[in-house]
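Please read the following report alongside the sequence and the coordinates. The sections move from the surface to the overall fold and then to individual residues.

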Amino acid sequence: MTYWTLNAFFLVPAALIFAAALLGRNRPRHFAAAAAVTAVVLLALTAVFDNLMIRVGLFWYNEDRISGAFAGAAPLEDFAYPLAAVLLLPALWALLPGRAPAPGGAQPNPKETP
């Protein structure tokens, strides 16, 4: 099994859940823009630190299971993990009910009411 095959098992569901959040009515106003900015930052940090860790020998990849496309010393497959996090975590936050007050609609703390 290649790393891309393994990545598909979590990237495809993450992308589908993210699409559901984009189409949902209860998503925050700047949901897509915030996810895009987060993706750029997280992928840049991944590029820097994964390259450093690979170059000093903290981990490596089986040459038979990678695509051969690299960003520095890091194979492109390595960027699937932060991408899945950027897609899945905010989407779940937007789709799951009752986890946070609506933007701009802070609710009073029941312990503080007289």
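## A nonpolar surface patch

In this predicted model, Val37, Val41, Leu45, Val48, Phe49 and Leu52 come together as a nonpolar patch on the surface, and their accessible area taken together is about 550 Å². One of these residues, valine 37, is placed in helix α2, which covers residues 31-55. Valine 37 has a relative accessible area of 54% and is therefore classed as exposed, since the cut-off for that class is over 50%.

## Overall architecture

The protein contains 3 helices and 2 strands, and these elements follow one another along the sequence in the pattern α-α-β-β-α. Of the 114 residues in the protein, 24% are buried. The accessible surface amounts to about 8,000 Å², and carbon and sulfur atoms supply 68% of that surface.

Among the contacts in the protein with a separation of 6 or more, 63% are between residues that lie 24 or more positions apart. Phenylalanine 10 offers one example of positions distant in sequence: its C-alpha atom is separated by 9.8 Å from that of alanine 85, although the two residues are 75 residues apart along the chain.

## Phenylalanine 10 on helix α1

Phenylalanine 10 belongs to helix α1, which spans residues 3-23. Its relative accessibility is 26%, so phenylalanine 10 counts as partly exposed. Once neighbours within four places in sequence are set aside, the residues in contact with phenylalanine 10 are Ala80, Tyr81 and Ala84.

## Two buried acidic residues

Which side chain of opposite charge is nearest to glutamate 77, and how far away is it? Glutamate 77 sits in the loop between β2 (74-75) and α3 (80-95), where it is buried yet has no salt bridge, and the nearest side chain of opposite charge is that of arginine 65, 10 Å away. The side chain of glutamate 77 does, however, make a polar contact of 3.4 Å with the side chain of tryptophan 4. Apart from residues up to four places away in sequence, glutamate 77 touches Tyr3, Trp4, Asn7, Arg65, Ile66, Ser67 and Ala69.

Aspartate 78 is also placed in the loop between β2 and α3. Aspartate 78 is buried and likewise lacks a salt bridge, with arginine 55 as the nearest side chain of opposite charge at 11 Å. When neighbours within four places in sequence are left aside, aspartate 78 is in contact with Thr46, Asp50, Phe59 and Tyr61.

## The loop between α2 and β1

Isoleucine 66 lies in the loop between α2 and β1, the latter formed by residues 70-71. Is isoleucine 66 buried or exposed? With a relative accessibility of 13%, isoleucine 66 counts as buried, because that class takes in values under 20%. Isoleucine 66 and leucine 76 are 10 residues apart in sequence, and their C-alpha atoms are 8.4 Å apart in space. Not counting residues up to four places away in sequence, isoleucine 66 touches Tyr3, Tyr61, Pro75 and Glu77.

Serine 67 is found in the loop between α2 and β1 as well, and at 43% relative accessibility serine 67 counts as partly exposed. The side chain of serine 67 reaches the backbone nitrogen of alanine 69 at 3.3 Å. Although serine 67 and tryptophan 4 are 63 residues apart along the chain, their C-alpha atoms are separated by 7.8 Å. With residues up to four places away in sequence left out, serine 67 touches Trp4 and Glu77, and glutamate 77 in turn has a side-chain polar contact with tryptophan 4.

Methods:
Residues are numbered from 1 along each chain as its sequence is written. This is a predicted model: local features need pLDDT of at least 70, side-chain atom pairs count only at pLDDT 80 or more; totals for chains, interfaces and linings use all residues. Side-chain values use heavy atoms; hydrogens and water are left out. Helices (H or I, at least four residues) and strands (E, at least two) are DSSP runs, numbered from the N terminus. Buried means under 20% relative accessible area, exposed over 50%, partly exposed in between (1.4 Å probe, protein chains only). Lys and Arg count as positive and Asp and Glu as negative; His and the chain ends are not counted. A salt bridge is a side-chain nitrogen of Lys or Arg within 4 Å of a carboxyl oxygen of Asp or Glu. A polar contact is a pair of N or O atoms within 3.5 Å; within protein, one must be able to donate a hydrogen and the other to accept it, and residues adjacent in sequence count only if both atoms are side-chain atoms. Contact means heavy atoms within 4.5 Å. Patches are made of residues with over 30% relative accessible area and no salt bridge: like charges are joined within 9 Å, nonpolar side chains (Val, Leu, Ile, Met, Phe, Trp, Tyr) within 5 Å. Accessible areas come from the Shrake-Rupley method with a 1.4 Å probe; for residues, only the protein chains shown count as cover.
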